[in-house]
Amino acid sequence: MPETGTTVSNPVIPGFHPDPSVCRVGEDYYVACSSFEYFPGVPLFHSRDLVHWTQIGNALDRPSQLRLPLDAPSSGGIYAPTLRHHDGRFWLIVTNVSGDGNMLFTATDPAGPWSDPIRLPGVPGIDPDLAWDDDGTCWCTVAGVGQVRLDPHTGETLGAPTRLWSGTPGAKAPEAPHLYRIGDYWYLLIAEGGTERCHGVSIARSRTPNGPFEPCPDNPILTHRGTEHPIQNTGHADLVQAPDGSWWMVLLGVRPGGGSPGWHVIGRETFLVAVDWVDGWPVVGELSSLLPAPPWPLQPQPAVPNRDDFDLSELAPHWVSLRHRPAEDCTTKERAGWLTLRARGASLDDTDVTFVGRRQQHLSCRARTLVDVGEGRGGLAVRLDEQHHYDIEAVSGEVHVRARIGPLSTVVASRPVPPGPVVLRVEVTAVATMHDPRTGPDTVSIGIEEPDGTFVELTSLDGRYLSTEVAGGFTGRVLGMFAASGSVHFDWFDYRSLDH
Ligand code: 6LW
């Protein structure tokens, strides 16, 4: 997490928080991120200094806003929001690639409630952006890069979509457009090269919002492709101006670990970098894991607590489930001070399984939970998707560790335990030194705790199999609790960084 002082650490929003879109209202900054198959969707963060961010909610937290079919694929669902403030309201435009397509939501308070969706059947493609002209015309720009005029109050498109710019000739996937009026120009910021190692950020400008656009002679204005930089896949950016006139960029990047080709395991994270303007073009400062602190007082905000005792009736906003979260299957009201999960699917191989987790936000970390399975089955999991997860499952008198890697699924360890509640533990350790280029990014140790807190490791697995490079897709690891049969009760969940 960022520290105060002369430098601050990047990422500013660690863990699987990709496709950041930022806006500022007065002294307050807000960021929205993609959420894919998880419910609630579109995590929203607040900051007063661009460095310390607190999650204030999720924009899409009701079934009427986020309809994900129960068989929607992982890395489907919610892609690439744009968050803007205009005319006294917050506007959020986003794509649900697993059903409802492009949708627009509004709120007066970004912490919610957000409106029901305004559907946008005339807006094609993904990565929609919103920008308003002085005369109130609303321009919606999408990946490709295309554009269509929109009545944002009704969702009606006005006229046919037009093609604006395809980015650098030969570069794949021009996407993530954001359009801004800055000075005498309209600037069109895009990502290109694909969201993997070749990702980059390019820009073009025009005197009018609908082109013609002239590319920046120094494109890409940011990329780490082909470098040894520890932050890779840099792209999908958004710009914001601070009250002192300085400019900043939020963007996604990853931190691969291990040997060749490098595996990133906690998804695409949100980074911050300073931007200067030279001759009417933005020049991106050096992006590193230690940034010079911005020239204003830093304002640390409350971080996600390490431990959740499930004493409140509502779950904190960082807890996510898969595709939906029916209240009857996930409640703190059945047993005071415990989270009760009622099984739907039989395992994390199923798309409809009762799961409540939080993103792994540190390269090394520890997660523990006290579970009482009663007559049921359930436990603690490290999840990348249905085909890639490690879990420790308790049943009466026993625990089993299972690894699912692609088509292979195996019980790697079992152990008898006394009946009654048991503490399950997962410990992730990033690999520090490497003598072999085939070394994976981290190890995942899984086991139980003795009543005195001693860790009994049942297995230690190579973490590469729960990486995006192996699993594919757009997400990162989520650590969480699941029920595989019956009703399973969790007294607490404790997550700690073990990063140095
Ligand atoms: C998103 C696209 C991208 O829609 O990945 O990195 C896609 N950029 O802009 C999914 O996050």
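**Entry 1. Leu50 and the turn it sits in**

I began with Leu50, which is found in the loop between E5 and E6. I note at the outset that the model is a predicted one. I looked up the backbone of Leu50 and found a positive phi of about 75°, although Leu50 is not a glycine.

**Entry 2. The sheet that contains E5 and E6**

I next asked in what order the strands of this open sheet run. The order is E2-E3-E5-E6, a sheet of 4 strands with antiparallel pairing. Which strands stand at the edges? They are strand E2 (21-25) and strand E6 (54-60); each has a single partner strand, so one side of each is left without a neighbour in the sheet. I recorded the twist as well, which averages 25° from one strand to the next.

I then followed the pairing of E2 with strand E3 (residues 28-32), which is antiparallel and runs over 5 bridges. To fix the register, I looked up Ser21 and found that its bridge partner in E3 is Ala32.

**Entry 3. Cis peptide bonds**

I looked up two proline sites. The peptide bond from Phe39 to Pro40 is cis, and its omega is near -5°. Pro40 has its place in the loop between strand E4 (38-39) and strand E5 (41-47). E5 is a member of the open sheet of Entry 2.

For the second site, I found that Asn219 and Pro220 are joined by a cis peptide bond with omega of about -10°. Where does Pro220 lie? I placed Pro220 in the loop between strand E18 (214-215) and strand E19 (222-223).

**Entry 4. A second open sheet**

I traced another open sheet of 4 strands, in the order E7-E8-E9-E10, and noted that its pairing is antiparallel. E7 and strand E10 (118-119) are at the edges with a single partner strand each, so each has one side left without a neighbour in the sheet. The partner I checked for E7 was strand E8 (residues 89-96), and this antiparallel pair has 7 bridges. Within the pair, His85 stands opposite Phe90 in E8.

**Entry 5. The hairpins of E12, E13 and E14**

I moved on to strand E12 (residues 138-142) and strand E13 (residues 146-151), which pair in the antiparallel sense over 5 bridges. Cys138 stands opposite Leu150 in E13. The two strands form a hairpin with 3 residues between them, and in this hairpin Gly144 takes a positive phi near 140°.

E13 also pairs with strand E14 (residues 156-163), in the antiparallel sense and over 5 bridges. I asked which residue in E14 is the bridge partner of Gln147. The partner is Thr162. How many residues lie between E13 and E14 in their hairpin? I found 4 residues, and Gly155 in the turn has a positive phi of about 85°.

**Entry 6. The ligand and its shell**

I listed the surroundings of the ligand: of the 14 residues around it, those that come nearest are Asp19, Asp127, Thr195, His236 and Arg268. By class, the shell divides into 7 nonpolar, 3 polar and 4 charged residues.

I then looked up polar side-chain atoms facing ligand oxygens, taking N or O pairs within 3.5 Å as polar contacts. An N or O atom in the side chain of Thr195 is 2.8 Å from an oxygen atom of the ligand. For His236, a polar side-chain atom lies 3.0 Å from a ligand oxygen atom. For Arg268, the corresponding separation from an oxygen atom of the ligand is 2.6 Å.

How much of the ligand does the protein cover? On its own the ligand has 300 Å² of accessible area, and the protein covers 98% of it. I also checked which elements give two or more residues to the shell around the ligand, and these are strand E7 (78-86) and strand E15 (175-182). E7 is thus an edge strand of the sheet in Entry 4 and also a contributor to the shell.

**Entry 7. The chain as a whole**

I closed with the overall fold. The protein chain holds 1 helix and 39 strands. Its radius of gyration is 23 Å, close to the 23 Å that the globule rule gives for 500 residues, so the chain is as compact as a globular protein of that length. I recorded the span of the C-alpha trace along its principal axes as about 70 × 50 × 45 Å.

Definitions and conventions. Residues are numbered from 1 along each chain as its sequence is written. This is a predicted model: local features need pLDDT of at least 70, side-chain atom pairs count only at pLDDT 80 or more; totals for chains, interfaces and linings use all residues. Side-chain values use heavy atoms; hydrogens and water are left out. A residue is near a molecule or strand if one of its heavy atoms lies within 4 Å of it. A polar contact is a pair of N or O atoms within 3.5 Å; within protein, one must be able to donate a hydrogen and the other to accept it, and residues adjacent in sequence count only if both atoms are side-chain atoms. Accessible areas come from the Shrake-Rupley method with a 1.4 Å probe; for residues, only the protein chains shown count as cover. Ala, Val, Leu, Ile, Met, Phe, Trp, Tyr, Cys and Pro count as nonpolar, Asp, Glu, Lys and Arg as charged, and the others, Gly among them, as polar. Two strands pair if DSSP finds at least two bridges between them. Axes are lines fitted to C-alpha atoms, for helices over the stretch in contact, and angles run from 0 to 180 degrees between N-to-C directions. The radius of gyration is taken over C-alpha atoms; the globule rule is 2.2 Å times the number of residues to the power 0.38.
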